[in-house]
Amino acid sequence: MWNGINRRKFPRANYRCTIGIKKRLTSKEISTHTENIGAGGICVIIKDDLGLFQGVDIELNLDDNKTPIRCGGTVVWVVKKTDPKHQGAQFYDTGIEFIDIRPEDRDRVTDVVENILKSQRRK
């Protein structure tokens, strides 16, 4: 697991929503879902290594019945993993930091995370 997890500025919550990721300067596009999310960025598990510090364009579809969030991102960590259940298939646990995100979109993400964390504390 990534060593910086406890140094994050923004709390994270396990949250699955659809996301489109386009690697900049290429035609490479990936459609997947988030593993967790915070106001500072997201974690996804994908089949391709995008490359550390690679710039990406993001389209994030929160389940809040509003338009998708479109912003830039930077790959800040990548952990290569192997899945023995799927004949040793490789995948990449990938952390992407939001950049160029509008303040109102960051607020939307913050609201989602806070609601999830509140509901978990009640259990």
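**Note on salt bridges and the nonpolar core**

1. K81 and D93 form a salt bridge, with the closest N and O atoms 3.4 Å apart. The model is a predicted one, and the points below should be read with that in mind. The pair joins distant parts of the chain: K81 sits in strand β6 and D93 in strand β7, twelve residues apart.

2. The two partners of this bridge fall into separate exposure classes. D93 has a relative accessible area of 10% and is therefore buried, since the limit for that class is under 20%. K81, at 34%, is partly exposed.

3. A second bridge involves the side chains of D48 and K28, at 2.9 Å from N to O. Here too the pair links distant parts of the chain, with the two positions 20 residues apart: D48 belongs to the loop between β4 and β5, and K28 to the loop between β2 and β3. D48 is partly exposed, with a relative accessible area of 30%. K28 is also partly exposed, with a relative accessibility of 34%.

4. R102 and E104 make a further salt bridge through their side chains, 3.2 Å from N to O. R102 is partly exposed at 45% relative accessibility, and E104 is partly exposed at 42%. Both residues belong to a network of salt bridges that also takes in D64, D105 and R108.

5. How many salt bridges are there in the whole structure? A search finds nine. The pairs described above are among them, including K81 with D93, D48 with K28 and R102 with E104.

6. Turning to the interior, the largest nonpolar core contains 27 residues. Within this core, L60 and L62 have the most contacts. Several elements each give two or more residues to the core: the strands β2 (18–23), β3 (29–38), β4 (41–46), β5 (55–61), β6 (69–83) and β7 (89–99), together with the helix α1 (103–122). Of these, α1 gives the most, with five residues.

7. Which residues does L60 contact, leaving aside its neighbours within four places in sequence? They are C17, T18, I19, T34, I37, P68, I69, F98 and V109. By the residue ranges of the elements, T34 and I37 fall in β3, I69 in β6, F98 in β7 and V109 in α1.

8. β6 and β7 appear in both parts of this note. Each gives two or more residues to the largest nonpolar core, and the K81–D93 salt bridge has one partner in each strand.

Definitions and conventions: Residues are numbered from 1 along each chain as its sequence is written. This is a predicted model: local features need pLDDT of at least 70, side-chain atom pairs count only at pLDDT 80 or more; totals for chains, interfaces and linings use all residues. Side-chain values use heavy atoms; hydrogens and water are left out. A nonpolar core is a set of buried Ala, Val, Leu, Ile, Met, Phe, Trp, Tyr and Cys residues joined through side-chain atoms within 4.5 Å. Buried means under 20% relative accessible area, exposed over 50%, partly exposed in between (1.4 Å probe, protein chains only). Helices (H or I, at least four residues) and strands (E, at least two) are DSSP runs, numbered from the N terminus. Contact means heavy atoms within 4.5 Å. A salt bridge is a side-chain nitrogen of Lys or Arg within 4 Å of a carboxyl oxygen of Asp or Glu.
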